[in-house]
Each structure stands twice: as C-alpha cells, then as structure tokens.
Amino acid sequence: MENKKISKSVLKRLPGYLAYLKNMPENAPTHISATALAGALGMGEVQVRKDLAMVSDGGRPKIGYQRECLIEDIEQFLGYDNTTDAVLIGAGKLGQALMAYSGFDEYGLNILAAFDVNPVTTKTSEGKPVYNISKLEQFCRSHKVLMGIITVPADHAQEVADRLIAGGIKGIWNFAPTHLDVPPHILVQNENMATSLAVLSVHLQAQIKEEKK
C-alpha cells in the first residue's frame, strides 16, 4: 500500500492498535472490524476506521480486516520490519534501562552503542559497547547511524543534540526535560515524564473529587 501523509496523532495511536492485535488470544477470530477494535480500546469507531484506512486497504464491509494481514500492514507502515540502528547518549540509570530493554527488537530498533562523558564500564550487561562521548560523531558517521537517543541531564542535552547532528543523525528521541534547538530537517520526539505525570495527577484529582460528590 502506498504510504500517505499521516499526522503525529495517528502515529501515536497505531502502536496501540498493534499491541492489542498482537496480544489477542490464539483462538480469537481471524478477522476483526474497526467497530470491534474501537470497542475493545474504548475509542470512537469513526476515528479507528479512518486510522486503519491510512495504513491498510484490506478492510472489507461486514467482514473487517484479516487480523494477521492488518498486523503486517501496521508494522510495515511504522517501519518495524526494517531495523533502525541508533546510539544512546547518557549511560546512567535511565540509559542503562533502555539499553537493557529487549522489546525494542520487536519495533525494529537496534541500539548499537552507548556514549557517556565518563563511562564507568566499557560494556553493558547485554554486551553493548560503551564509549567516551568524544567518539560519538566518528561512530555515527562510520556506522551511518540516523537516530540518537538522549538520556543526559537537561543542561547537557543541547550540546549532545548538536554533536549528534554533526555526526549525521536525522532523528532524535529526547528523554531530557528540555527543548532542543535543531534544524528543520531534524525530527525530535520528546518523552516528557513531567508532562505525563501532570496529566495523570490532574486526572486522578478530578476522579477523587467526582467520587466525593
């Protein structure tokens, strides 16, 4: 299927559909409709139908989508069938946890190495190399790495982003709680834990007030 322009909001919903489809029991029906998927995830049927139409042309009236084919279509659209090599900068507790997470393989992400200003080890427990940050740009260029993952403190994140861009990086997954100034052609995906916590906190407070009424 020819890729269409797709919004970030749709991209954020697609992994949720994929996770549900892949975790359905083995004896589940071979086909699933947008209506059934929307009901299972507590979402609007029209929205789910539009989202699936963006990535798959396999839907059939009154039949739905062949589940395995829909999984393949979503994975292909998201690029999960093509491994993306990445480097991680900041080998602290968060960085080590990300390096140790084996689930990235399922999403086509392969972290080649970690870099730190003062590495305390030359290898992670999984055998991935840990280098001094002075080798970052050369490593990225020689291995043609296009993605960098930033897990350093906020006050060092911009410097790291600049070094990644100098090494040829095109996309940055930023876990540092700060805004990064990058050229227009560089894609930055921010993971702001403070924002997520704030949303959860406000929601919980609203729920508690509602229950007290």
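What is the volume of the largest pocket? That is where I would like to start this morning, and I should say at once that what we are looking at is a predicted model, so please hear everything that follows as computed from that model. The answer is about 1100 Å³ for the largest pocket. Its lining is made up of 26 residues, and those that lie nearest the centre are L78, Y80, M147, L187 and Q189. If you sort the lining residues of this largest pocket by class, you find 15 nonpolar, 6 polar and 5 charged.

As for which parts of the chain are involved, at least two lining residues of the largest pocket come from each of α1 (8-22), α4 (67-78), β3 (84-89), β7 (171-174) and β8 (187-190). Helix α1 contributes the most to that lining, with 4 residues.

Let me turn to the second largest pocket, which holds about 230 Å³ of space. There are 14 residues lining the second largest pocket, and D116, V117, V152, P153 and H156 are the closest to its centre. Here the largest share of the lining, 4 residues, belongs to helix α7 (residues 154-166), and by class the lining of this second largest pocket divides into 7 nonpolar, 4 polar and 3 charged residues.

Now for the packing of the interior. The largest nonpolar core has 21 residues, and the members that touch the most other members are V87, I89, L136, I150, L164 and I172. Two or more residues of this core are supplied by each of β3, β4 (109-116), α6 (136-143) and α7, with α7 giving the most, namely 4 residues. Helix α7 therefore comes up twice in this talk, since it also gives the largest share of the lining of the second largest pocket, while strand β3 is among the elements that line the largest pocket.

I172 deserves a moment of its own: once its neighbours within four places in sequence are set aside, I172 is in contact with G148, I150, A161, L164, L180, V182, I186, L187, V188 and Q189. Two names on that contact list of I172, L187 and Q189, were also mentioned among the residues that lie nearest the centre of the largest pocket. There is also a second, separate core, which has 20 residues, including A34, L37, L70 and F77.

The next topic is the aromatic residues, where the structure holds 6 aromatic pairs. In one of these, the ring centres of F115 and Y131 are 5.5 Å apart and the planes stand at 45°, so the pair is classed as tilted. Because F115 lies in strand β4 and Y131 in strand β5 (residues 130-132), this pair ties together parts that are 16 residues apart in sequence. The two partners are not equally accessible: F115 counts as buried because its relative accessibility is 0%, whereas Y131, at 29% relative accessibility, counts as partly exposed. Y131 also forms an aromatic pair with F139, again tilted, at 5.7 Å centre to centre and 45° between the planes, and F139 is buried, with a relative accessible area of 11%. Elsewhere, ring pairs link Y101, F104, W173 and F175 into a cluster.

Finally, a single loop residue: is T124, which sits in the loop between β4 and β5, buried or exposed? With a relative accessible area of 16%, T124 is buried, and, not counting residues up to four places away in sequence, T124 touches M99 and V130.

Definitions and conventions: Residues are numbered from 1 along each chain as its sequence is written. This is a predicted model: local features need pLDDT of at least 70, side-chain atom pairs count only at pLDDT 80 or more; totals for chains, interfaces and linings use all residues. Side-chain values use heavy atoms; hydrogens and water are left out. On a 1 Å grid over the protein atoms alone, a cavity is a set of points where a 1.4 Å probe fits but cannot get out, and a pocket is an open set with protein on both sides within 12 Å along at least five of seven lines; lining residues have an atom within 4 Å of a point. Grid points are joined across faces, edges and corners, and a volume is the space filled by probe spheres set on the points. Ala, Val, Leu, Ile, Met, Phe, Trp, Tyr, Cys and Pro count as nonpolar, Asp, Glu, Lys and Arg as charged, and the others, Gly among them, as polar. A nonpolar core is a set of buried Ala, Val, Leu, Ile, Met, Phe, Trp, Tyr and Cys residues joined through side-chain atoms within 4.5 Å. Buried means under 20% relative accessible area, exposed over 50%, partly exposed in between (1.4 Å probe, protein chains only). Contact means heavy atoms within 4.5 Å. Rings of Phe, Tyr and Trp (its six-membered ring) pair if their centres lie within 6.5 Å; planes under 30 degrees apart count as stacked, over 60 as edge-to-face and the rest as tilted.
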